[in-house]
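This briefing is meant to be read with the model open. Begin with a single side-chain contact, then work outwards to the fold and back to individual residues.

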Amino acid sequence: MNTRFVGIATLALSVAAPASAEGLMVLGGGKLDLRFPKGNATQESSAYLEAEVQGFYAGFQGLVANDDAATEISLYAGYRQELASGFSYDLSYTRYLYPNDGGDCCGEIGLSLGVAVGERLGLSTDLTYDPESSLGSIEVGAEQMLTDQVTLSANVGLFQQDGDPDEKTWDLGVSYAISDEAEVDLRYYDSSEQQSGLFGLSMTFDTKLLGG
């Protein structure tokens with residue numbers, strides 16, 4: 001069994017176990033993601049459970065897709081903080097497992113950086129690196145709150161691929177906050193590998209189960 005897999009699982013259990021620990025929060029949620037390429041709609045649904053103590057967090061997520069081979073379990077752990085200046089950072093490691101396609105697959109180190117520009121504009125950069133394949137990605141984004149409920153956002157990414165040219169991606173969308181816990185997002189996606197772009201509709205729900 002992969003030692004990193006064991007390490008993440010152990011950390012997740014150790015963080016979640018002391019439910020009475022000071023500052024402990026337990027979060028949970030789910031997402032339904034619909035994509036509409038020409039002539040064929042695809043669907044992914046996922047749910048996660050996460051525990052956090054003073055910036056350190058660990059959790060797992062399960063994802064079920066139309067394609068059985070794409071069904072995924074991910075285990076992750078990391079550390080995140082947001083400073084009074086509006087700058088935030090999140091350093092993590094995620095391990096991916098595909099029960100219907102070989103089991104333990106791969107893992108990646110992630111670093112997310114964000115900064116608030118004023119009260120309604122946010123800029124972000126997301127970096128990933130897979131130590132086993134020596135491949136990585138970068139994605140930069142911006143989001144502008146139009147109202148307290150409506151946010152316009154866009155992302156541009158570059159993803160390295162083994163033996164193939166880098167994939168360039170971009171998306172543009174608008175989200176509507178139904179409540180503090182639920183959100184709907186309508187988005188247009190395109191990339192250098194797609195013959196044409198596609199629309200996506202997602203619905204997310206996140207809630208605090210304990211603490212905070």
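The side chains of Arg 95 and Glu 132 make a polar contact at 2.9 Å. The model is a predicted one. Arg 95 belongs to strand S5, which covers residues 87–98. With a relative accessible area of 1%, Arg 95 is buried, because buried means under 20%.

**Overall make-up**

- The protein chain holds one helix and 12 strands.
- Read from the N terminus, the order of elements is α-β-β-β-β-β-β-β-β-β-β-β-β.
- Of the 212 residues in the protein chain, 32% count as buried.
- The accessible surface of the protein chain comes to about 12,500 Å². Carbon and sulfur atoms account for 59% of that surface.
- Take the contacts in the protein chain between residues at least 6 apart in sequence: 35% of them join residues at least 24 apart.

**The barrel**

- How are the 12 strands ordered in the barrel? They close in the order S1-S2-S3-S4-S5-S6-S7-S8-S9-S10-S11-S12, with antiparallel pairing.
- On average, neighbouring strands of this sheet are turned by 20° against each other, direction ignored.
- In general, the strands of a sheet pair through backbone hydrogen bonds, in either a parallel or an antiparallel sense.
- Strand S1 (residues 24–36) and strand S12 (residues 198–211) run antiparallel and are joined by 12 bridges.
- Gly 28 has Thr 207 in S12 as its bridge partner.

**Strands S3, S4 and S5**

- Strand S3 spans residues 56–65 and strand S4 spans residues 72–82. They pair in the antiparallel sense over eight bridges.
- The connection from S3 to S4 is a hairpin of six residues.
- Across this pairing, Phe 56 stands opposite Tyr 79 in S4.
- S4 also runs antiparallel to S5, and 10 bridges join the two.
- Opposite Ser 74 stands Tyr 96 in S5.
- The hairpin of S4 and S5 has four residues between the strands. Gly 86 in this hairpin takes a positive phi near 100°.

**Aromatic pairs**

- How many aromatic pairs does a search of the whole structure find? The search finds six.
- One of these pairs is Tyr 57 with Tyr 76, at 6.1 Å centre to centre. The planes are 55° apart, and the pair is tilted.
- Tyr 57 sits in strand S3 and Tyr 76 in strand S4, so this pair links distant parts of the chain, 19 residues apart.
- Are Tyr 57 and Tyr 76 buried or exposed? Both are buried.
- Ring pairs also link Phe 56, Tyr 79, Phe 87 and Tyr 89 into a cluster. Two of its members, Phe 56 and Tyr 79, are the residues that stand opposite each other in the pairing of S3 and S4.

**Strand S10: three residues, three levels of exposure**

- Strand S10 covers residues 164–177 and includes Thr 169. Pro 165 lies in S10, and Leu 172 lies there too.
- Why does Thr 169 count as buried? Its relative accessibility is 17%, and buried means under 20%.
- Leaving aside neighbours within four places in sequence, Thr 169 is in contact with Glu 139, Asn 155, Val 156, Gly 157, Phe 159, Asp 190 and Ser 191.
- Pro 165 is exposed because its relative accessible area is 64%, and exposed means over 50%.
- Pro 165 and Glu 193 are 28 residues apart in sequence. Their C-alpha atoms lie 9.6 Å apart in space.
- Leu 172 has 45% relative accessibility, so it counts as partly exposed, in between the cut-offs of 20% and 50%.
- Leu 172 touches Leu 152, Ser 153, Ala 154, Leu 186, Arg 187 and Tyr 188, not counting residues up to four places away in sequence.
- From Leu 172 to Asp 190 the separation is 18 residues in sequence and 9.2 Å in space, C-alpha to C-alpha. Asp 190 is also among the contacts of Thr 169.

Methods:
Residues numbered from 1 in each chain as written. Predicted model: local features only at pLDDT ≥ 70, side-chain atom pairs only at ≥ 80, totals over all residues. Heavy atoms only, no water. Buried < 20%, exposed > 50% of the residue type's maximum accessible area, 1.4 Å probe, protein only. Polar contact = N/O pair within 3.5 Å; in protein donor to acceptor, adjacent residues only side chain to side chain. Pairing = 2+ DSSP bridges. Axes fitted to C-alpha atoms, helices over the stretch in contact; angles between N-to-C directions. Contact = heavy atoms within 4.5 Å. Areas by Shrake-Rupley, 256 points an atom, 1.4 Å probe, with all protein chains shown as cover. Phe/Tyr/Trp six-rings, centres within 6.5 Å; stacked < 30°, edge-to-face > 60°.
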